[in-house]
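Please open the model in a viewer and keep a selection panel at hand. The tour proceeds one selection at a time.

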Amino acid sequence: MSAADGPDLVAVFLRWIWWRAVLHKGWWLVTSVYLVVDAGLTASQLVLIGVGQALVALLFEVPAGVVADALSRKWSLVVSHVLMGAAMTATGLVTEFVPLVATQMLWGLSWTFASGAEVAWITDELDEPARISVVLMRSGRAQLTGAAAGIIGVGGLAALTERSTMMVLAGAAMTLLGLYVGVRFPERRFVRSSTRRWAASWSILVRGVALVRRSHVLLVLLAATFLANGAAASGRLHAARLVDIGLPSDPVVWLTGLGILTLLAGAAALRAVEGAIDDSHAAPRGYVLACAAGAVGLVLLAAAPEAVSGSAAVLLVAGIAVPLTRTIATIWVNRETSSDVRATVHSLLAQAEYVGVIVCGLAVSAVAELAGLSSALLTCAALFALAIALVGRLGTARSASVRYADSLGRAP
């Protein structure tokens, strides 16, 4: 693809990212109410649904990334949309616990086919290393603004109709968005494996794991992602803490408004660092500062005396720390990864996220049960601090490509 095609390619990608966020976030807002009000699920059942979803995603994340590297990034995204649309539609058609667990497990599976494939596709098809970091930063902003639009738009339509009807319509729209990918996403630079599929897939997995094992930067990033996403699990505690200290208005209205402000704050934070992201020191410095914002925000939330200061602390954590750490980690990993295993390595990053949420989430839950909500929030702050300690040591580290070039005795 010529450079002249680049702007159109980026526009197609960002438009898709935005609309997917609209449908995903809007659908989930309606679904979260549907599961409690219409399906009547208990707290333990809601937790079990989340665990089932996370376990499926954890099991299939890397295999799905390998498939994307071996067969097609574009068609992996199409499969993701078909599965996602089916899961979204089916959820609105059932109210029994076991079928709902099945639909949410299918929902978790669908995301594994998109995770890694989307970044790998735009990186290789654009083929402009100098631009890709900014494009990925813009995609992070598109996700957040799309999510805010979804909360308002889809949530508003659901209020005018039945929740189940809106969920089914959102699922159908998500499936149609897959058609958009199939028609508008070219795949001219991807080289499909010409050898036996299983052998090629295994080889890709082995090379991807070997790349991570050889790279000190990637290993540290996976460990930091485990910790940062474990700390981000505190998001489930934010509302509980704000309710505990007292909200000045209806909790649903206040928390919905705070959620929209959080998304917009995240988009603004990403826009603020976009111009400097290509600086060689920007990624480690930005990651450390984002984790520091998260740690400070959680300490302030734990000590907040009333709802306004507590909400400001939530904005610091969920609006700045979480979107920045996730987006910067994606960009940083992308720089350290070769084209032939790009989706696989991004899937390994996603696995670190899932494991962090599961392991650290269970630990934080235990702390909350034994020592209280404030102690759990302080524990999450400590996880951010540990991530700072890890990534801070990479400030002077060289990238994998530079070290490899040095080993050959030439410049990269």
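Is Arg-15 buried, partly exposed or exposed? The model is a predicted one, and in it Arg-15 has a relative accessibility of 40%, so this residue counts as partly exposed; the range for that class lies between the 20% limit for buried and the 50% limit for exposed.

**Stop 1: Arg-15**

Select Arg-15, which is located in helix α1. Leaving out residues up to four places away in sequence, Arg-15 touches Tyr-180 and Arg-184. Then add Ser-139 to the selection: 124 residues separate Ser-139 from Arg-15 in sequence, while their C-alpha atoms are 9.0 Å apart in space.

**Stop 2: Phe-185 and the aromatic cluster**

Next, select Tyr-180 together with Phe-185. The two rings form an edge-to-face aromatic pair, with 6.4 Å from centre to centre and 70 degrees between the planes. Both residues are buried. Extend the selection to Phe-13, Trp-16 and Trp-121, which join Tyr-180 and Phe-185 in one aromatic cluster. With neighbours within four places in sequence set aside, the contacts of Phe-185 are Val-12, Phe-13, Trp-16, Lys-74, Leu-77, Trp-121 and Tyr-180.

**Stop 3: the nonpolar core**

Phe-185 also leads to the largest nonpolar core, a set of 116 residues in which Phe-13, Trp-16, Ile-122, Phe-185, Tyr-287, Trp-332 and Phe-384 have the most contacts. Colour helix α1 (residues 6–37) to see the element with the largest share of this core, 13 residues.

**Stop 4: the Trp-27 and Trp-107 pair**

Now display the aromatic rings; the count of aromatic pairs comes to nine. One of them joins Trp-27 and Trp-107, whose ring centres are 4.7 Å apart and whose planes meet at 35 degrees, so the pair is tilted. Trp-27 belongs to helix α1 and Trp-107 to helix α4 (residues 97–114), so that the pair links distant parts of the chain, 80 residues apart. Trp-27 counts as buried because its relative accessibility is 0%, and Trp-107 counts as buried at 5%.

**Stop 5: along helix α4**

Stay on helix α4 and select Gln-104, which is found there. Gln-104 is buried, with a relative accessible area of 0%. Beyond residues up to four places away in sequence, Gln-104 touches Trp-27, Trp-28, Ile-49, Gln-53 and Thr-91.

Move on to Ala-114, also placed in helix α4. Ala-114 has 1% relative accessibility and therefore counts as buried. With residues up to four places away not counted, Ala-114 touches Arg-20, Leu-77 and Ser-80. A distance label between the C-alpha atoms of Ala-114 and Arg-73 should read 8.3 Å, although the two residues are 41 apart along the chain.

**Stop 6: the cavity**

How many cavities of 30 Å³ or more does a search of the whole structure find? The search finds one, and the volume of the largest cavity is about 40 Å³. To display its lining, select Thr-225, Ala-228, Asn-229, Tyr-287, Thr-325, Arg-326, Ala-329 and Glu-353. The elements that give two or more residues to this lining are α9 (216–232) and α13 (307–335). Colouring by class shows three nonpolar, three polar and two charged residues in the lining. Tyr-287, one of the lining residues, is also among the residues with the most contacts inside the largest nonpolar core.

Key: Residues are numbered from 1 along each chain as its sequence is written. This is a predicted model: local features need pLDDT of at least 70, side-chain atom pairs count only at pLDDT 80 or more; totals for chains, interfaces and linings use all residues. Side-chain values use heavy atoms; hydrogens and water are left out. On a 1 Å grid over the protein atoms alone, a cavity is a set of points where a 1.4 Å probe fits but cannot get out, and a pocket is an open set with protein on both sides within 12 Å along at least five of seven lines; lining residues have an atom within 4 Å of a point. Grid points are joined across faces, edges and corners, and a volume is the space filled by probe spheres set on the points. Helices (H or I, at least four residues) and strands (E, at least two) are DSSP runs, numbered from the N terminus. Ala, Val, Leu, Ile, Met, Phe, Trp, Tyr, Cys and Pro count as nonpolar, Asp, Glu, Lys and Arg as charged, and the others, Gly among them, as polar. A nonpolar core is a set of buried Ala, Val, Leu, Ile, Met, Phe, Trp, Tyr and Cys residues joined through side-chain atoms within 4.5 Å. Buried means under 20% relative accessible area, exposed over 50%, partly exposed in between (1.4 Å probe, protein chains only). Contact means heavy atoms within 4.5 Å. Rings of Phe, Tyr and Trp (its six-membered ring) pair if their centres lie within 6.5 Å; planes under 30 degrees apart count as stacked, over 60 as edge-to-face and the rest as tilted.
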